[in-house]
2 protein chains.
Amino acid sequence: MTGLRERKKAETRAALGWAAIHLTAERGYDNVRVEDIAEAAGVSPRTFNNYFSSKAEAIASRHLDRSLRTAAALRERPAGEPLWAALTRAALEQFTRGPEVEAMPSPAHAQWVTGVRAMLAEPALQGERLRAAAVAEAELAAAVAERTGTDLATDMYPRLVAAAASAAVAVAVRHYLDSADPPAPIERLITDAFGQVAAGLPEPPG
Amino acid sequence: MTGLRERKKAETRAALGWAAIHLTAERGYDNVRVEDIAEAAGVSPRTFNNYFSSKAEAIASRHLDRSLRTAAALRERPAGEPLWAALTRAALEQFTRGPEVEAMPSPAHAQWVTGVRAMLAEPALQGERLRAAAVAEAELAAAVAERTGTDLATDMYPRLVAAAASAAVAVAVRHYLDSADPPAPIERLITDAFGQVAAGLPEPPG
DNA sequence: CGAACAAATTGCGTGGCGCGCATCTTTGCG
DNA sequence: CGCAAAGATGCGCGCCACGCAATTTGTTCG
């Protein structure tokens with residue numbers, strides 16, 4: 001049952017998360033006060049901390065949500081599919097561009113990208129982003145354990161797989177953001193990264 | 001040249017880092033104020049923030065130093081050694097027990113372990129730990145790039161290797177800490193984890 | 001329907017933190 | 001010895017996370 005209560009809560013959370021990201025990309029991390037975020041989301045400052053225990057956590061929340069979806073996506077891949085193929089697909093599914101950004105006028109879009117880059121570079125945020133990734137990784141490990149019939153408590157295998165997969169995505173995204181001009185499409189980079197990991201990252205011929 | 005200046009600075013940094021860890025393991029994260037750490041290190045509270053920009057960073061500093069040593073160790077492995085063998089050795093070298101802990105009376109040792117476990121579980125610290133790991137991972141990637149003659153700017157390979165290696169160590173350590181009673185020796189777990197990663201983490205036979 | 005219950009929001013107050021700035025002390029070097 | 005650079009310290013400010021208690025808003029039953 002989806003009561004009004006739950007829905008409103010989800011909406012407030014989303015509004016706060018979005019406002020936090022939006023304002024930060026726009027003005028920079030420490031030109032945004034919690035008060036501003038709360039106001040933009042139409043809620044009292046005190047309420048902010050009922051949803052997030054820090055400014056950084058709010059900003060990382062969308063990253064967390066997206067990352068968690070990878071685990072969910074893996075669970076929905078057909079059982080017959082080989083593990084690494086399923087992981088690759090599950091990861092790729094998360095990289096369709098969202099509507100908020102898609103429906104953004106072109107001049108603003110350039111500034112948006114710049115702002116997001118600055119945001120990702122902000123040291124004060126990296127820890128929280130990584131923490132979110134770690135939470136999602138745990139979820140992914142659980143999904144891998146289910147799929148492969150291994151045991152989280154006794155086998156390192158599912159956690160190793162989850163960690164390697166997360167690393168593949170992270171490296172691909174980083175490569176995408178770093179390479180300036182017309183970068184290779186993110187889909188190709190992710191596929192490539194997963195391919196290398198699944199191949200055991202053999203030393204390239206000198 | 002190692003002037004008095006540099007040495008004192010290194011000493012102060014070490015003293016602050018150690019005091020931060022020690023007090024936190026003893027009393028718990030938020031029963032330790034910055035003032036306490038500074039006092040334990042024999043330095044003014046204001047000086048604390050000349051060395052670390054947050055309490056969490058101070059606590060994670062030793063983790064950072066240790067992790068950075070892995071990259072240095074890799075650079076010192078013989079050039080002929082296969083990459084993954086060299087990585088495994090470099091990682092293993094970091095896990096010889098330090099003297100401060102070794103020379104600790106047995107009754108205190110038990111409490112120490114408990115305190116450290118609680119410290120590692122503290123959410124407010126995980127982000128900073130992960131951030132330290134990320135910094136070290138970057139350094140490791142650079143070392144891998146050198147050794148394999150690949151290019152950080154154009155190839156995902158060195159970063160993928162560094163990330164996979166870091167993940168292997170992290171998973172092994174976690175497994176070691178999680179499994180209670182008489183756990184498998186950490187050396188075996190690390191070797192095993194590296195072996196699986198280098199083999200491409202093949203799906204186990206159902 | 002409406003009354004009792006539960007859950008969320010809000011305002012207020014507090015302790016602590018991160019850091020800029022100005023000042024004083026120590027170190028390195030000629 | 002004396003000076004310039006680097007570090008340590010004291011002070012003060014703005015902000016943040018959170019506990020508590022009062023209030024508003026949804027939910028559930030008689």
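Which residues are the closest to DNA strand C? Select DNA strand C and the residues around that strand: 18 residues surround it, and A:S44, A:T47, B:G3, B:S53 and B:S54 are the closest. A residue is counted here if its C-beta atom, placed from the backbone, lies within 6 Å of the strand.

Before proceeding, please note that this is a predicted model, in which local features need pLDDT of at least 70 and side-chain atom pairs count only at pLDDT 80 or more, while totals for chains, interfaces and linings use all residues. Residues are numbered from 1 along each chain as its sequence is written, and chains are lettered from A and ligands numbered from 1 in the order in which they are written.

**The surface near DNA strand C**

Colour the helices next; helices (H or I, at least four residues) are DSSP runs, numbered from the N terminus. At least two residues of this surface are supplied by each of α1 and α3 of chain A and α1, α2 (34–40) and α3 of chain B. The largest share, three residues, comes from α3(A). By class, the surface has three nonpolar, eight polar and seven charged residues. Here Ala, Val, Leu, Ile, Met, Phe, Trp, Tyr, Cys and Pro count as nonpolar, Asp, Glu, Lys and Arg as charged, and the others, Gly among them, as polar.

**The surface near DNA strand D**

Now select DNA strand D. Of the 19 residues around this strand, A:G3, A:R5, A:S54, B:S44 and B:T47 come nearest. Two or more residues are given by each of α1 (4–27), α2 (34–40) and α3 (45–51) of chain A, and by α1 (4–27) and α3 (45–51) of chain B. The surface near DNA strand D divides into three nonpolar, eight polar and eight charged residues.

**Where chains A and B meet**

Turn to the two protein chains. Their contact takes 35 residues from chain A and 35 residues from chain B; two residues are in contact if their C-beta atoms, placed from the backbone, lie within 7 Å. On the side of chain A, the elements giving two or more residues are α8 (123–148), α9 and α10 (186–198). Helix α9(A) provides the largest share, twelve residues. That side of chain A has 21 nonpolar, nine polar and five charged residues.

**One helix pair**

Finally, select residues 157–178 of chain A, helix α9, and residues 186–198 of chain B, helix α10; their axes come within 11 Å and cross at roughly 55°. The contact is made by A:Y157, A:L160 and A:A164 of α9(A) with B:A193, B:Q196 and B:V197 of α10(B). By class, these are five nonpolar, one polar and no charged residues.

Key. Axes are lines fitted to C-alpha atoms, for helices over the stretch in contact, and angles run from 0 to 180 degrees between N-to-C directions.
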